[in-house]
Amino acid sequence: MQNEVVLLHGWGMNKAVWQLCEEALTTTYPAMIKAINLPGFGGASSADGDYLIANNAALIAQQLAPQSIVIGWSLGGLFALHLAKHFPDKVSKVILVASTPYFCEQHDWPGIAPNVLKNFATQLQTNSAKTIERFLAIQAMGSEHAREDIKQLRALLAQLPAAESKALAGGLTILESADLRAEFAQLTQPVAGVFGRLDSLVPIAAMEKIQALNPNFKAYTLTKASHAPFISHKDEFLSLLKSII
């Protein structure tokens, strides 16, 4: 029996962003591809209380078959790593897509500048739609066809209900504060990562730091991609993903 392949999206998004990849992967792996909304996104309910990674990852775990291969894009990667550590029977392999065990820039760790995340949190309180639109622009920054990438992401995103305000605010807090480097270092499952060389949110310089934490980590780079390689360079991304799976 083949392992189920589960796709987790990023902040402000929903499972519809994986639609084109789902269709392409299903032709190779029939009946084993499943995209899941992170709790609070795309119409899925989030856990009671504050939006915490542990409580909401538990809701995702309920939807996973044993020994799933979990692919996490951006914020979804943090959920994938948490699931692998705390629900090891559910996760046989993790594939990070433009993701990292720690997103916030530190003096010894490349990442997103803390003031960028704080600005997003401030803007979110006044205009969530505009904040998500700005985030879309940053995700596509550096891509050779950024405008088309944003248009495609926007259209896919519109297929499902808007995210809960609690999930949007809580997701930003997770991006800013969740540090899963220790958990990542202890994982026994295989972990791979697909990065865009032009990504401004997960700098390519982070690859070596991540590799140093876990020598079993295998990293792959798409040289012309940014933060959404499965949109901007879908065929190249899918070819690489299939070889990793």
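Let's start with a pair of residues in the middle of the fold: Ile 69 has Lys 93 as its bridge partner in E4. Before going further, please keep in mind that this is a predicted model. Now, back to that pairing. Strand E3, residues 68-73, and strand E4, residues 91-97, run parallel and are joined by 6 bridges. Another contact between the two puts Ser 68 opposite Val 91 in E4.

E3 also has a partner in strand E1, residues 5-8, and this pairing is parallel too, over 4 bridges. Here you can look for Leu 7, which stands opposite Ile 71 in E3.

So how many strands are in the sheet, and in what order do they come? There are 6, the sheet is open, and the order reads E2-E1-E3-E4-E5-E6, with parallel pairing. Which strands stand at the edges? They are E2, residues 33-36, and E6, residues 218-222; each has a single partner strand, so one side of each has no neighbour in the sheet. Going from one strand to the next, the twist averages 20°.

Let me stay with the edge for a moment, at Lys 34, which sits in strand E2. Its C-alpha atom and that of Val 6 are separated by 4.9 Å, although the two residues are 28 apart along the chain. Is Lys 34 buried or partly exposed? With a relative accessibility of 27%, Lys 34 counts as partly exposed, because buried would require a value under 20%.

Now compare that with what we see in E3, where 6 of its 6 residues are buried. In a regular strand, side chains alternate between the two faces of the sheet. Here, Ser 68, Val 70 and Gly 72 are on one side of E3, with Ile 69, Ile 71 and Trp 73 on the other, and all of them are buried. In other words, both faces of this strand are covered.

The two ends of E3 are worth a look as well. As background, most residues other than glycine have a negative phi. Gln 67 is in the loop between helix H2, residues 53-61, and E3, and its phi is near 60°, a positive value. Gln 67 is partly exposed, at 37% relative accessibility. Past the other end comes Ser 74, in the loop between E3 and helix H3, residues 75-86. Ser 74 also has a positive phi, near 55°. Ser 74, however, is buried, with a relative accessible area of 3%.

Let's move on to a helix. In H9, residues 206-213, we find Ala 206, Met 207 and Ile 210 buried. Why do we say that they line one face? Looking down the axis of H9, the buried residues fall within an arc of 100°, so they line one face of the helix. On the other side of H9, Glu 208 and Ala 212 are exposed. If you are wondering about the spacing, an α-helix has 3.6 residues a turn, so residues three or four places apart point the same way.

Next, the spaces in the model. The largest pocket has a volume of about 260 Å³. What lines this pocket? There are 16 lining residues, and Gly 12, Ala 129, Ile 132, Leu 157 and Ala 162 lie nearest the centre. Helix H5, residues 128-140, and helix H6, residues 146-157, each supply at least two residues of that lining. H5 gives the most, with 5 residues. By type, the pocket lining divides into 10 nonpolar, 4 polar and 2 charged residues.

There is also a closed space to show you: the structure holds 1 cavity of 30 Å³ or more. Its volume is about 30 Å³. Around this cavity you will find Gln 139, Ala 140, Ser 143, Asp 149, Ser 226, His 227, Ala 228 and Ser 232. That lining divides into 2 nonpolar, 5 polar and 1 charged.

If you take one picture away, let it be E3: a strand with both faces covered, joined to E4 by 6 bridges and paired with E1 over 4. Thanks for listening, and do go and find these residues in the structure!

Definitions and conventions. Residues are numbered from 1 along each chain as its sequence is written. This is a predicted model: local features need pLDDT of at least 70, side-chain atom pairs count only at pLDDT 80 or more; totals for chains, interfaces and linings use all residues. Side-chain values use heavy atoms; hydrogens and water are left out. Two strands pair if DSSP finds at least two bridges between them. Axes are lines fitted to C-alpha atoms, for helices over the stretch in contact, and angles run from 0 to 180 degrees between N-to-C directions. Buried means under 20% relative accessible area, exposed over 50%, partly exposed in between (1.4 Å probe, protein chains only). On a 1 Å grid over the protein atoms alone, a cavity is a set of points where a 1.4 Å probe fits but cannot get out, and a pocket is an open set with protein on both sides within 12 Å along at least five of seven lines; lining residues have an atom within 4 Å of a point. Grid points are joined across faces, edges and corners, and a volume is the space filled by probe spheres set on the points. Ala, Val, Leu, Ile, Met, Phe, Trp, Tyr, Cys and Pro count as nonpolar, Asp, Glu, Lys and Arg as charged, and the others, Gly among them, as polar. The arc is that of the directions from the helix axis to the C-beta atoms.
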